[in-house]
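Visitor: Could you take me through one part of this structure slowly? I would like a close look at the sheets and what sits beside them.

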Amino acid sequence: MVGSTVLVAGATGDLGGRITRALAERGALVRALVRHDASASAGQRVSELGADVVLADVSDVASVAAASRGVDCVVSALNGLRNVILDRHSVLLDAAVAMGTPRFISSDYSADFATPPPGGNRNLDLRREFMGRADRAPISVTTILNGAFMDLLGAEMIIQPRLRRVLSWGSADQPLNSTTKDDVAAYPAAAALDTTTPRILRVAGDTLSVRDLAQTLTRTTGHHYRPLRAGSIRSLGILIGLVKVLAPEPGAVFPAWQGMQYTRDMFSGRVRLAPLDNDRFPDVTFMSVLDTFAGVSLPLAVT
Ligand SMILES: NC(=O)c1ccc[n+]([C@@H]2O[C@H](COP(=O)([O-])OP(=O)(O)OC[C@H]3O[C@@H](n4cnc5c(N)ncnc54)[C@H](OP(=O)(O)O)[C@@H]3O)[C@@H](O)[C@H]2O)c1
């Protein structure tokens, strides 16, 4: 509802900033929860997006509860590992419950994390674990699933502009979900103002196979793109094991092996989103891959 107050955690981040702006555009009163030791410039950037900045100790339930007074929905766009996805989120959740906040949107924004077997994808496992915790709390929780961020596809991930190839693991015909960051951000913004939002919302701006992607890029760039089979899904699994040993990058949220775990799960088809809720909010429209890559030069910078 217009006029609702929404607390955004993670508004200083990439997706959180976009969600903050989308909420303000929808007429919400946006309160951005910012770490009490954040720089003045971080707070200034968030307030320019249309939010009232409230500083809090995000590890302390009482501090976050004080910041959550009178809020209709908490939206999280925090990013991190266990200390964030489990610990900081539990503080947010406990504070919301303590203040009688009706609704909570967790920081998921991923492929379907309920379907892969536990132990195979570290970041998805953390979200599944938090989901179990959130489902036991007396508050209505929503998870938004959107596949890969479409903006990242052109940053030399599966699209290889220098080679004019699109990499596949296993079949080049496996459909892959992706959604632009701005379209992802529109969904928690709309859902935060909808008192009837269900437990899970699944969206995808586009669902294209590697073969479809190559054809689309050929149309948008004028260069001939072709699929290139990098290997089988099993061989990617072996590679992930090797990279984890050789380049573990402890503490990194998205080390190379984690990106490979997402890639394997997407090419296996097990994290594909269905059915889609793209029509739930008629004023939210989605950019296709064709729209996104028309007129852009590749590779895109990773932002
Ligand atoms: N599906 C995809 O392809 C895809 C890709 C990327 C991200 N995502 C998801 O999108 C969500 C947001 O990611 P993002 O890229 O926007 O992240 P980001 O730009 O790194 O922003 C992270 C936010 O979390 C806050 N934060 C991090 N550690 C914290 C801590 N210990 N205590 C309190 N706040 C902390 C940061 O605050 P400070 O500014 O104060 O550090 C910042 O506001 C995550 O769920 C992420 O997994 C999905």
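Guide: Happy to; we will go from the main sheet to the ligand, then to a smaller sheet and a helix. Please keep in mind that this is a predicted model, where local features need pLDDT of at least 70, side-chain atom pairs count only at pLDDT 80 or more, and totals for chains, interfaces and linings use all residues. Residues are numbered from 1 along each chain as its sequence is written.

Helices (H or I, at least four residues) and strands (E, at least two) are DSSP runs, numbered from the N terminus. Two strands pair if DSSP finds at least two bridges between them. With that in hand, look for the open sheet of seven strands, ordered S3-S2-S1-S4-S5-S6-S11, with parallel pairing. Its edges are strand S3 (51-56) and strand S11 (200-202), each of which pairs on one side only. On average, neighbouring strands of this sheet are turned by 20° against each other, direction ignored; axes are lines fitted to C-alpha atoms, for helices over the stretch in contact, and angles run from 0 to 180 degrees between N-to-C directions.

Within this sheet, five bridges join strand S1 (residues 5-9) to strand S2 (residues 29-35) in the parallel sense. Leucine 7 has arginine 31 in S2 as its bridge partner. Helix H4 lies across S1, strand S4 (73-76) and strand S5 (103-105), and runs at about 175° to S4; contact here means C-beta atoms, placed from the backbone, within 7 Å.

H4 (82-98) also brings us to the ligand: along with helix H1 (14-25) and strand S7 (148-149), H4 supplies at least two residues of the shell. There are 22 residues around the ligand, and Thr12, Gly13, Asp14, Leu15 and Asn79 come nearest; a residue is near if its C-beta atom, placed from the backbone, lies within 6 Å.

S7 leads on to the second open sheet, where three strands follow the order S7-S10-S12 with mixed pairing. S7 and strand S12 (206-208) are its edge strands. Strand S10 (residues 176-179) runs antiparallel to S12, with three bridges between them, and leucine 176 stands opposite leucine 208.

Last comes helix H6 (residues 181-192), whose end C-alpha atoms are 17 Å apart, in agreement with the 16 Å its 12 residues should span at 1.5 Å a residue (the expected span takes one less than the number of residues). H6 is largely enclosed by the rest of the structure because nine of its 12 residues are buried, including Asp183, Tyr187 and Pro188. Buried means 20 or more other C-beta atoms within 10 Å of a residue's own, all placed from the backbone.

Conventions: Contact = placed C-beta atoms within 7 Å.
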